[in-house]
Amino acid sequence: MTRLLIYEPSYRRVERELAAHAADLEVVVMNRSGVFTLAGAPVAAEDARLDIAWASGDLYLAPAARGFMGAVLGSPDFKWVQSAAAGFDNPVFVRVVAKGARLTISHGQAVGMADYVLAGVLDAFQRGPERRAAQARGEWTQLTVREVLGSTWLIVGFGAIGQGVAQRAKAFGARIVGARRNQAAAPLADAIVPLEALTQQLPAADVVVLSVPLNAATRHIANEAFFAAMKPGSVLVNVGRGALVDEAALLAALERGIPAHAVLDVFETEPLPPESPFWRHPRVSLTAHCSGVTGAQDDRNRDLFLDNLGRYLAGRPLLHEIDPADLRTNNAA
């Protein structure tokens with residue numbers, strides 16, 4: 001019998017589907033107050049002896065998240081956690097995998113994140129901030145704008161998010177250069193290059209998108225030398241992790257005018273402090289780490305969890321499983 005830990009709001013959404021696995025599955029439910037129950041009876045976290053868990057999107061925003069992961073780490077025979085997040089740089093995942101457990105992540109937010117990137121670039125190309133300012137002043141102003149057709153997009157990190165961006169940008173006629181470790185050709189990319197070749201690619205890129213995982217090799221990958229190599233008029237978008245960008249170097253680069261605009265959803269310190277100059281910078285559009293938050297995201301994450309749960313119970317390969325070596329690299333960061 002496999003014992004699953006699940007957060008109560010998430011449990012209510014999959015209760016019927018879990019009942020179909022009743023012969024193989026016991027469900028431990030943690031409520032909003034951090035109380036654990038098994039078959040309706042309270043159970044202490046140290047006695048839960050969990051095998052698997054779903055770290056759902058509901059959980060990440062809940063005060064009880066610490067107790068949930070504490071129960072996972074305290075279970076000696078824990079075997080697998082399904083995360084609702086795309087990233088895996090949280091140190092708790094390193095500790096879980098160090099126990100010999102497996103980690104799978106979600107690409108449920110990739111659709112919204114790709115939409116966000118396209119929207120941000122289009123707004124910059126269309127000079128949205130200037131148009132809105134002219135409207136607010138009541139000025140009838142005609143502005144010359146840029147076309148996506150024929151532009152070059154350098155997408156740093158060509159996984160689910162990067163490929164989603166590529167699909168959308170190519171529909172507008174953009175040329176796509178994907179940067180990743182795996183150098184195999186990709187249908188959505190006109191070229192695939194290694195991360196080490198970024199400085200050679202930046203001078204030709206009209207748009208640079210950061211969607212790569214954070215690790216020791218990518219921390220501050222966008223640094224002073226990176227910005228010095230960017231093309232005049234280019235747009236930078238970061239939907240990966242805040243620490244991919246040396247923020248002091250970015251602010252200095254923006255003051256020099258290259259990049260011409262930055263679209264930022266993530267920052268090294270979150271929430272972004274009120275005194276941060278990014279809030280009021282005229283060439284920055286920013287949001288609160290929510291580029292992938294859409295109405296359909298939870299449905300995709302739920303479907304992935306249920307799919308992987310069935311695979312786990314049947315002994316079949318799991319979707320989106322992370323290589324433990326990548327977790328060790330993240331820990332080094």
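Ser 10 is buried in this predicted model, because its relative accessibility is 0% and burial is assigned to values under 20%. The residue belongs to helix H1, which spans residues 8-19. Beyond its neighbours within four places in sequence, Ser 10 is in contact with Trp 54, Ser 56 and Asp 58.

The surroundings of Ser 10 are best followed through the sheet on which its helix rests. Seven strands make up an open sheet of mixed pairing, arranged in the order S4-S3-S2-S1-S5-S6-S7. Its edges are formed by strand S4 (41-42) and strand S7 (102-104), each of which pairs on one side only. Within this sheet, strand S1 (residues 2-7) and strand S2 (residues 25-30) run parallel and are joined by six bridges. One residue of this pairing is Leu 4, whose bridge partner in S2 is Val 27. Helix H1 packs on the sheet, where it touches S1, S2 and strand S5 (52-55). The direction of H1 makes about 135° with that of S1. Helix H3, residues 65-73, also lies across S1, S2 and S5, as well as strand S3 (36-38). H3 runs at about 165° to S1.

A second sheet can be described in a similar way. It is an open sheet of seven strands in the order S10-S9-S8-S11-S12-S13-S14, and its pairing is parallel. Strand S10 (191-193) and strand S14 (284-286) are its edge strands, with pairing on one side only. From one strand to the next, the twist averages 15°. Three bridges link S13 and S14 in the parallel sense, and Leu 286 in S14 is the bridge partner of Leu 264. Helix H7 (residues 160-171) lies across S8, S9 and S11, and runs at about 170° to S8.

Asn 238 offers a view of this sheet from a single position. The residue is located in strand S12, residues 235-238. Is Asn 238 buried or exposed? Asn 238 is buried, because its relative accessible area is 1%, and the cut-off for burial is under 20%. Its contacts, leaving aside neighbours within four places in sequence, are Leu 210, Leu 244, Val 245, Val 263, Leu 264, Asp 265 and Val 266. A polar atom of the Asn 238 side chain lies 3.1 Å from the backbone oxygen of Arg 241. Asn 238 and Leu 5 are 233 residues apart in sequence, and their C-alpha atoms are 33 Å apart in space.

The nonpolar residues complete the picture. In soluble globular proteins, nonpolar side chains tend to be buried together. Here the largest nonpolar core contains 34 residues, and those with the most contacts inside it are Leu 154, Val 156, Val 208, Phe 226 and Phe 227. At least two residues each come from strand S8 (152-156), strand S9 (175-179), strand S11 (207-210), helix H9 (224-229), helix H10 (247-256) and strand S13 (261-264). H10 gives the most to this core, with four residues. Phe 226 touches Leu 198, Leu 202, Val 208, Leu 210, Ile 221 and Leu 236, not counting residues up to four places away in sequence. Apart from this core lies another, of 31 residues, which includes Leu 5, Val 43, Phe 88 and Ile 105.

Note on methods:
Residues are numbered from 1 along each chain as its sequence is written. This is a predicted model: local features need pLDDT of at least 70, side-chain atom pairs count only at pLDDT 80 or more; totals for chains, interfaces and linings use all residues. Side-chain values use heavy atoms; hydrogens and water are left out. Buried means under 20% relative accessible area, exposed over 50%, partly exposed in between (1.4 Å probe, protein chains only). Contact means heavy atoms within 4.5 Å. A polar contact is a pair of N or O atoms within 3.5 Å; within protein, one must be able to donate a hydrogen and the other to accept it, and residues adjacent in sequence count only if both atoms are side-chain atoms. A nonpolar core is a set of buried Ala, Val, Leu, Ile, Met, Phe, Trp, Tyr and Cys residues joined through side-chain atoms within 4.5 Å. Two strands pair if DSSP finds at least two bridges between them. Axes are lines fitted to C-alpha atoms, for helices over the stretch in contact, and angles run from 0 to 180 degrees between N-to-C directions.
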